Structure formats: structure tokens, C-alpha cells
Amino acid sequence: MPLYQEQTIKVHNSLTGKKETFIPINEGHIGMYVCGPTVYSNVHLGNCRTFMSFDMIFRYFRHLGYKVRYVRNITDAGHLVDDAEDGEDKIAKKARLEQLEPMEVVQRYTVDFHNILEKFNFLPPSIEPTATGHIIEQIEIIKDILEKGYAYEVNGSVYFDVVKFNETNEYGKLSGRKLEDMIANTRELTAQDDKKSPQDFALWKKAEPEHIMRWPSPWGDGFPGWHLECTAMSTKYLGETFDIHGGGMDLKFPHHECEIAQAEASNGKSPVKYWMHANMLTLNGKKMAKSTGNSILPGEIFSGENDILSKPFSPGMVRFFMMQAHYTSILDISNDALLASEKGFNKLMDSIKSINSLPIGSKSDFDAPSWRQACYDAMNDDFNTPILIAKLFDAVKHINLIKEGSETITKEDKEILFDTMKSFVFDVLGLEDKQSSNADSEKLSGVVELLIQLRKEARENKDFATSDKIRDQLAELGIQLKDGKEGTTYSL
């Protein structure tokens, strides 16, 4: 029996504002879409936190035995500067400033995005579609919305008619906004505006002569609206209604609100059963912003090349730090917070390494089955990683008491302890202890070099028995010595 049949998950649904029991549309299968990056710059640390939260959720679903189709897109066209309806495409602007082809910009920053996520030990999504790869699908959706009377074409651009849509549907239900209030708080349209209402948003924008990124359409050369891309890609790969749509809290309005409107206008169905939003990351108590200098890139944390932190921190440790806060909570990153987190991370990793060497007793002072279920209960409560980590450190306390001889553990409970720690620390939280493995490698190298030196001295003293013994015993351990003109080297 798959684990998901034994565990009941509750998720916070942004659409209802309530914690709800998670029941997938098709038993045993989950469709999950997460808004990916707009690839015009190095990936932001705050974005990494959002993607990390959904990587953790993806991992937990897979751990429970669900078959998950996880779609995370790449926005490589259509996202205008400042999320506005007018102005330049973010990628086209970067291409113009750096005198590059737009797709060179896309390639450079897509590679950076993947490299950083690989360092953080992300699992790749099942499908990673691009906006430019789905222009045809977007045009077809626009045609459909036009035909149903929820959009209009003006001077080669197509706009979604929010007022018309709101007559039969509810625009603003995800963000809790009322259309009347939005209209009342919006400036009047000018004579230059093509839109009927300030709330209307672009499905297709006419490309002016200077616009680099353009595609032919029934309305003339242009490019798709940012919101439309996700509707096209999510419904193509997950169907008209799917289980989970995730993203950062900042995308709730207008991006996700517009996605709902587009899908309901086109398909007549609410597209998503559970909307989930991850919260923001702050730096030293303030919003991250390049303009104020209160900003740091993931690579700068790993290398230590920054003016904010006192030392480099490994990707695995930074991931652990982020998992210590609930995905819906604001998390503040600071030097002190990372240093404190590093101590906890090292303590956790050291404890896991010591489990196999724990002595076996005839009885257990540690109730491993109850503790294991407590770990599941934490994750089942809207993926509560801080509570899970607290439960893991409950186990660390018992591991230390067993090592000291103050407590005992049976063989069966020791196996449960090891398997559960391994599952939740490495498989679900996605933590890696590469820093420790690098340190271990350096220590091994130091020990082997010391033995090579002792062997050299033995040979110089014609103590060939000791020299051969060092060589042979290292060989038995899988360490091959090679004597050459430049001296002795080794290989594993």
C-alpha cells in the first residue's frame, strides 16, 4: 500500500484562505504547475526560496508514492518591465543594453538558473516549457477568448475585457480584491490608451518597429502577454483543471488573478484546485533591492565574495536555513542567522553519521514508531518543515544520550531511526553535506600524504618491510600508490 494512503495532508489554499484536506483530482496522481523565472538576469535568492519550497513539496509527494507531473516554466518573452502593460520586454531591454541577441540573454541566464538550482540540490521538474515554444497555443487561446466575447482587438493588440468577464464571473477572488474598488482607485484612461478599462490586460501586444521579439498572428506582428503564457503551458501539460498551482506571493495579483480569468473565459472552468504561495525573503530586516545595495546573489553566498556575510556558506547549509521557516512565512537572512543555522546543520549531519555505530540494547528508551509518525504529522500539516526539523532534533538528543550510555535502543528502533532520518533529511528536505565530504576528502589526502612520507623515510632507511606494508595495506583500502620520477602519487 502506498504511503499516501496512510497519511492525510492539509494544504493552505490561497483561493479559499483556509487549510484544506488535500485530495488529488485523480487518485495517486498529482499535476503541479509553478511559475518559473523570467530569464533576463541572475536568479534572485528570493526566487530560489520559492522554487525550493515547491521542490520540497514535490519531494514529499514523491516520497509518499504519488506520481507527480511537475511543470515549471521558463519565461523567455512577453514579460514587460515593471509588470506594466506598456514598455519594453525585460529580455529585449537586456539584449539592447548588452548588444546581444535576445536568445543569447535567455541562454545565459537559463544556464545560470539551472546551475544555481543544481547546487541547491533541486530535483528537475517533469517538464520545463518555454513561453517562446508555445506561441501557437497562446494564439489559439486568444482566438477562443475573443470568440466568447471576453476580449477585444485594438490596433493590432488584444486585451482581456475584465468588466465584461466580471458580469458572469468573479475577477479578484484569489487576491480578495473587488473590481469596483480597483476601478475607483485607478487613474482615468488617456486618449492614447487602447484599453476600454484600466483593469483590462494584454493577451497580445502589437510589436512596434523597434521591438526585437515578435511573432506573426491574426492581429499582426506582436508578442504574447505575460499572463497568457502560464495559462497556455499549464493547461497543455496538466489539463483544463489540475491540482496545484504555485508561485511567489508577489504573483498572486495580477499574474495569477489574470490566469484564473483567462482559463475561466476560455474553458468555462476554474483551472486549479489548490493555489499555493510561498512568502518573501528579506535581508537584514529589509526588502532585497539592487538599487539600495541590500542584495546578495546565491553564488556570492557560496563563494563568500560579498560585503554582507563574514564567511562563505555551503548550498546545503543555506537550504537547511531556508527549511527552518514555513514556506508561507517571511524569512530574514542575516550573518548571525546563517552562523546559528550552520551549527545546527553540522550537529544534525554528525548525528546521522553516528547512528550506525550506536550500541544495540534489549529495550528502547526512544519510541521510534511514534517519533516517525510525528515527522509525518509535521509534513502533513501544510508541509511544516520547521516542526519537522524540531522533531529531527528530538532524535538528535536521543542519539547523543544513547552514545553516552544514558539510554538504550533496540535493533528494530535503530533501523526505524536511521531510515526515517535518511528519508526526511536527504529525500524530503533535500539536504546535502558536501561541505563535510570536502573536509573529509582533505583529511584523507593529508593522512595519505603522511603515510607516503613515512614510507619514503622507511625506504631511505632500507626498512623495506615497513615500506611494503604501508603500500600493501593502502592497496587493500583501495588507495593505489604510484612511484615515479617526481615522487609518489596516489589514486583512489
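This passage describes a four-stranded sheet, a helix pair, a buried strand residue and the cysteines of a predicted model.

An open sheet is formed by four strands in the order β5-β6-β7-β8, and the pairing within this sheet is antiparallel. Because β5, which spans residues 151-154, and β8, which spans residues 222-224, stand at the edges with a single partner strand each, one side of either strand is left without a neighbour in the sheet. Averaged over the sheet and with direction ignored, neighbouring strands are turned by 20 degrees against each other. At the β8 edge, the partner is strand β7, comprising residues 201-206, and the two strands pair in the antiparallel sense over three bridges. Within this pairing, Lys-205 stands opposite Phe-223 of β8.

Among the helices, α1 (residues 45-63) packs with α14 (residues 411-428), the axes of the two helices being 9 Å apart and inclined at an angle of about 140 degrees. This angle falls short of the range over 145 degrees that counts as roughly antiparallel, and the two helices α1 and α14 are therefore classed as oblique to each other. The contact is made on the α1 side by Met-56, Arg-59, Tyr-60 and His-63, which meet Ser-423, Phe-424, Phe-426, Asp-427 and Val-428 on the α14 side. Sorted by class, the residues in the contact of α1 with α14 comprise five that are nonpolar, two that are polar and two that are charged.

Strand β9, which covers residues 242-248, contains Ile-244, a residue that is buried, with a relative accessible area of 0%. When residues up to four places away in sequence are not counted, Ile-244 touches Phe-22, Gly-31, Met-32, Tyr-33, Phe-61, Val-272, Tyr-274 and Met-276. A further relation across the sequence links Ile-244 with Val-34, in that the two residues are 210 residues apart along the chain while their C-alpha atoms are separated by 8.3 Å.

With regard to the cysteines, a search of the whole structure finds zero disulfides. For Cys-35, the closest cysteine sulfur is that of Cys-230, at 3.8 Å, and this separation is too far for a bond, given that a disulfide requires the two sulfur atoms to lie within 2.5 Å. Cys-35 is itself buried, its relative accessible area being 5%. Cys-375 likewise counts as buried, with a relative accessibility of 0%.

Methods:
Residues are numbered from 1 along each chain as its sequence is written. This is a predicted model: local features need pLDDT of at least 70, side-chain atom pairs count only at pLDDT 80 or more; totals for chains, interfaces and linings use all residues. Side-chain values use heavy atoms; hydrogens and water are left out. Two strands pair if DSSP finds at least two bridges between them. Axes are lines fitted to C-alpha atoms, for helices over the stretch in contact, and angles run from 0 to 180 degrees between N-to-C directions. Buried means under 20% relative accessible area, exposed over 50%, partly exposed in between (1.4 Å probe, protein chains only). Angles under 35 degrees count as roughly parallel, over 145 as roughly antiparallel, 65 to 115 as roughly perpendicular and the rest as oblique. Contact means heavy atoms within 4.5 Å. Ala, Val, Leu, Ile, Met, Phe, Trp, Tyr, Cys and Pro count as nonpolar, Asp, Glu, Lys and Arg as charged, and the others, Gly among them, as polar.
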